[in-house]
Amino acid sequence: MDDRFQRLKLLIGDENFSKLSAATVAVFGVGGVGSFTVEALARSGIGHLILIDKDNVDATNINRQIHALETTLGKSKVEIMGERIKKINPAAQVDTIQKFFLPNKNAEDFFICRYDYVVDAIDTLTAKIFLVEECTRRGIKIISSMGAGNKLDATRFKVSDIFKTSVDPVAKIMRKKLRERGIKNLKVVWSDETPRPVENFIGSTAFVPSVAGLIMAGEVVKDLISE
């Protein structure tokens, strides 16, 4: 047994761990939610990770993003996260794409190989909807994060189909847009906590986005080993 994954293999077995090692997962958005998803997927032995995010690390990211440190300010989020994965699991294959995912413009730049699973941790609604459309069209499993900003209670997260959500303003808009496009289901991680009113910017904590990201990683792992 590889000691670094020994405890996971004891829980899920060698056959299921082999499924994770053979899996290719793309994470769109490597911020407060996505960086923790990537961290957990790497520590779960996912064999091939594709990280997609245009941004560099900013000081305002330090309170909630796992790659954001004084020493990483100004550096590419996907590059820093890619280096981190290699320190966790040198056998992992990592591809990084430092571009914006733009609706109806450059999808082929991002679907660089066959994905077993896509994680949507994008902030922009139009890009989220387009990504769901692309994955639906390509027959790729996807899980999408709803709003994690302006919230303080990390115990309020749920996993369900988007059409069973309530309260969350991101989910409300996406339900409408997905209905218009004929998309009938989408697994999401969402919170039933009412967002707090914050002027001008979106407030955030260290513990709410990270919990959403870890839940998403758990759903990906469970789905991959259930196949």
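**Ser191 and two helices in the predicted model**

Ser191 is tucked away: its relative accessible area is just 1%, so it counts as buried (under 20% relative accessible area, with a 1.4 Å probe and protein chains only). This serine belongs to strand 7, residues 187-191; strands here are DSSP runs of E with at least two residues, helices are runs of H or I with at least four, and both are numbered from the N terminus. The model is a predicted one, where local features need pLDDT of at least 70 and side-chain atom pairs count only at pLDDT 80 or more, while totals for chains, interfaces and linings use all residues. Residues are numbered from 1 along each chain as its sequence is written, and side-chain values use heavy atoms, leaving out hydrogens and water.

Setting aside neighbours within four places in sequence, Ser191 touches Lys151, Arg156, Phe157, Ser166 and Asp168, contact being heavy atoms within 4.5 Å. Gly147 sits 44 residues away along the chain, yet its C-alpha is separated from that of Ser191 by 7.4 Å.

Helix 4 covers residues 77-88, twelve in total, and spans 17 Å from first C-alpha to last, close to the expected 16 Å (1.5 Å times one less than the number of residues). Its buried residues are Lys77, Val78, Ile80, Met81, Gly82, Ile85 and Ile88, and these pack against helix 3 (34-42), strand 2 (48-52) and strand 3 (93-97).

Elsewhere, Asn16, Lys19 and Leu20 of helix 2 meet Val221, Leu224 and Ile225 of helix 7.

Terms used:
Buried means under 20% relative accessible area, exposed over 50%, partly exposed in between (1.4 Å probe, protein chains only).
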